[in-house]
Amino acid sequence: MQYGESLTQYLTEIGLTESEVIKFNASGGNIERQIDVLKKSRYRILDAVHEQEKSIQQIDYLIHEIKKN
């Protein structure tokens, strides 16, 4: 299966880094390699989401503490 520029743009829009897009496109259509790139990208993005959740929880706690005093 070959992908055009629209897939490259889509991969970028959904959060893959330039390096990840290059690896995906260099897979030569190997589905397992493409899935591996996508899974690694997903884990990286999910880790970032968890870090943001942690920041939000800390902000909420600080707001609670300020209101309490």
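What covers the buried residues of helix H2? In this predicted model, the cover includes helix H1, residues 5–13, and helix H3, and the arrangement of these helices around H2 is described below.

Helix H2 spans residues 18–25, and its buried residues are Glu20, Val21 and Phe24. When H2 is viewed down its axis, these buried residues fall within an arc of 100 degrees, so they line one face of the helix. Such a pattern can be read against the geometry of the α-helix, which has 3.6 residues a turn, so that residues three or four places apart point the same way. On the other side of H2, by contrast, Glu18 and Lys23 are exposed.

Two packed helices are described by the angle between their axes and by the distance between those axes. For H1 and H2, the angle is about 140 degrees and the axes lie 10 Å apart, which makes H1 oblique to H2, since an angle has to be over 145 degrees to count as roughly antiparallel. The crossing of these two helices is right-handed. In the contact between them, Leu7, Thr8, Leu11 and Thr12 of H1 meet Val21, Phe24 and Asn25 of H2; by character, the residues of this contact divide into four nonpolar and three polar, with no charged residue. Val21 and Phe24, which belong to the buried residues of H2, thus appear on the H2 side of the contact with H1.

The packing of H2 with H3 is described in the same terms. Here the angle is about 165 degrees, with the axes 8 Å apart, and the two helices are therefore roughly antiparallel to each other. H2 passes H3 in a left-handed crossing. From H2, the contact is made by Glu20, Lys23 and Phe24, and from H3 by Gln34, Val37, Leu38, Ser41 and Arg44. The residues of this contact divide into three nonpolar, two polar and three charged. Phe24 is named both in the contact of H2 with H1 and in the contact of H2 with H3, while Lys23, which takes part in the contact with H3, is one of the exposed residues on the other side of H2.

Two further residues, one in H1 and one in H3, may be considered individually. Gln9 has its place in helix H1 and is partly exposed, with a relative accessible area of 49%. Although Gln9 and Val21 are twelve residues apart along the chain, their C-alpha atoms are separated by 9.1 Å. Ile45, in turn, is found in helix H3, which covers residues 31–68, and at 30% relative accessibility Ile45 counts as partly exposed. Apart from its neighbours within four places in sequence, Ile45 is in contact with Ile14 and Gly15. Of these, Ile14 is 31 residues away from Ile45 in sequence, whereas the distance between the two in space, from C-alpha to C-alpha, is 9.7 Å.

Definitions and conventions: Residues numbered from 1 in each chain as written. Predicted model: local features only at pLDDT ≥ 70, side-chain atom pairs only at ≥ 80, totals over all residues. Heavy atoms only, no water. Helix = DSSP H or I, 4+ residues; strand = E, 2+ residues; numbered from the N terminus. Buried < 20%, exposed > 50% of the residue type's maximum accessible area, 1.4 Å probe, protein only. Contact = heavy atoms within 4.5 Å. Arc of directions from axis to C-beta. Axes fitted to C-alpha atoms, helices over the stretch in contact; angles between N-to-C directions. Parallel < 35°, antiparallel > 145°, perpendicular 65-115°, else oblique. Left-handed = near helix turned anticlockwise from the far one by under 90°. Nonpolar A, V, L, I, M, F, W, Y, C, P; charged D, E, K, R; others polar.
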